[in-house]
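Good morning, everyone. Please have the structure open on your screens while I talk.

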Amino acid sequence: MSTCLCFACPEQETVSVIETCGKFSHIAQPGCNFLCCCCGSAVSGTLSLRVQQLDVRCDTKTKDNVFVTIVISVQYQVRRDAVFDAYYKLTNSTTQISSYVFDEVRAAVPQLNLDDAYEMKDDIAKSVKDALAKSMEGYGYLIIHVLVNDIEPAHKVKEAMNEINAARRLRVAAAEKAEAEKLSVVKAAEAEAEAKYLQGQGIARQRQAIIGGLRDSVADFQNGITDISSKEVLQLMLVTQYFDTLRDVGANKHASTVFLNHAPGGISDIAAQIRNSFLEAQAGAVGRAGPSK
């Protein structure tokens, strides 16, 4: 706002309060306004009609005894129809608004726990706005918005809250990891059981095929040579199979050292052991198959 002798020129969205001999005269609107200087008219002060913001930092305590600093942003404006009240009824509008904010926040927050205060920021803002709007209406001020911009507990409290959240997330992660490991172990066990079952079936079929082959070989050998018993033929074939096995073991580069008895009596014992093993395997296969109908 600029003044020059007997003229007052308030800026846009600004009004000037004109007094004559110390008494209120009128409100000068934006633009050029003539003043009767000879009669004692002068500009007492100016008021902005723009929306203004006041940030208030309030220290208080929550219900669970945590001291916090709450930042409240109040957006307010002088009512155009109440410029007189806004100028003359309050000496310092920002101090008055801050006092009401302190009073309302320190009445509402101590009833809430810290976690609830974070969740109910909108309720706190609404409570402060309602109280301010009702109180400042008589002073010519309009409360437009009240925002709770931040809730700041002590640094150690923040660290404790972060540690609690981290521990909770680690517990969930550990449970999920254990569940995944359990599923992996179960699936591996099921796969191993299935593999062993199929391997057992393969071994049983292999033994049955060997027994069938030996039976056919004995029958073919007896058809060509009649003066030899089936037992002797079977022993001869088993011994032949035994030496073939030794040859395969020796041809394997990863084979370990094997100590065997190669005396004539030992060979007959080995043949008897192999024969008994085949007979036991065949008896077991027949037992699993059940009685034939």
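**Salt bridges, sheets and a core**

Let's start with one pair of side chains. Glutamate 192 and lysine 196 form a salt bridge, and their closest N and O atoms are 3.2 Å apart. Keep in mind that this is a predicted model. Why do these two sit about one helical turn apart? Both belong to helix H5, residues 155-224, and they are four residues apart there, so about one helical turn separates them. Now the surface. Glutamate 192 is partly exposed, at 45% relative accessibility. Lysine 196 is exposed, with a relative accessible area of 52%.

Why pair at all? Side chains of opposite charge can pair when their charged atoms come close.

How many salt bridges does a search of the whole structure find? It finds seven. I'll show two others.

Take glutamate 13 and arginine 80. They form a salt bridge, with the closest N and O atoms 2.6 Å apart. Glutamate 13 is in the loop between strand S2 (7-9) and strand S3 (14-20). Arginine 80 is in the loop between S8 and H1. The two are 67 residues apart in sequence, so this pair ties together distant parts of the chain's numbering. Glutamate 13 is partly exposed, with a relative accessible area of 24%. Arginine 80 counts as exposed, at 55%.

Next, arginine 79 and aspartate 81. Their side chains meet in a salt bridge at 3.4 Å, N to O. Arginine 79 is partly exposed, at 26% relative accessible area. Aspartate 81 is exposed, at 63%.

**Two sheets**

On to the strands. One open sheet has three strands in the order S4-S3-S6, and the pairing is antiparallel. Which strands are at the edges? They are strand S4 (23-28) and strand S6 (41-48), and each pairs on one side only. From one strand to the next, the twist averages 30 degrees. Look at S3 and S4. They run antiparallel, and five bridges join them. For a landmark, find isoleucine 18, which stands opposite histidine 26 in S4.

Another open sheet of three strands has the order S7-S8-S9. Its pairing is antiparallel too. Here the edge strands are strand S7 (52-61) and strand S9 (141-153), each pairing on one side only. The twist averages 20 degrees from one strand to the next. S7 pairs with strand S8, residues 67-78, in the antiparallel sense over 10 bridges. Aspartate 59 is one residue to find, and its bridge partner in S8 is threonine 69.

Which helix packs on this sheet and touches S7, S8 and S9? That is helix H2, residues 93-108. The direction of H2 makes about 35 degrees with that of S7. Helix H4, residues 121-136, lies across S8 and S9. H4 runs at about 145 degrees to S9.

**The core**

Now go inside. The largest nonpolar core has 33 residues. Which of them have the most contacts inside it? They are Val74, Val101 and Leu132. Several elements supply at least two residues each: S7, S8, helix H1 (83-88), H2, helix H3 (114-119), H4 and S9. The largest share comes from S8, with six residues.

Zoom in on valine 101. Leave aside its neighbours within four places in sequence. Then valine 101 is in contact with Val56, Ile72, Val74, Val128 and Leu132. Note that Val74 and Leu132 were also among the residues with the most contacts inside the core.

**Cysteines**

Last topic. A disulfide is a covalent bond between the sulfur atoms of two cysteines. How many disulfides does a search of the whole structure find? It finds zero. Look at cysteine 9. The nearest cysteine sulfur is that of cysteine 32, and it is 4.1 Å away. Here a disulfide needs two sulfur atoms within 2.5 Å, so a pair at a greater distance does not count. Cysteine 9 is therefore in no disulfide. Cysteine 32 is in no disulfide either, and its nearest cysteine sulfur is that of cysteine 9. What about exposure? Cysteine 9 is partly exposed, with a relative accessible area of 27%. Cysteine 32 is exposed, at 58%.

That's my tour. Thank you.

Note on methods
Residues numbered from 1 in each chain as written. Predicted model: local features only at pLDDT ≥ 70, side-chain atom pairs only at ≥ 80, totals over all residues. Heavy atoms only, no water. Pairing = 2+ DSSP bridges. Axes fitted to C-alpha atoms, helices over the stretch in contact; angles between N-to-C directions. Contact = heavy atoms within 4.5 Å. Buried < 20%, exposed > 50% of the residue type's maximum accessible area, 1.4 Å probe, protein only. Core = buried A, V, L, I, M, F, W, Y, C linked by side-chain atoms within 4.5 Å. Salt bridge = Lys/Arg side-chain N within 4 Å of Asp/Glu carboxyl O.
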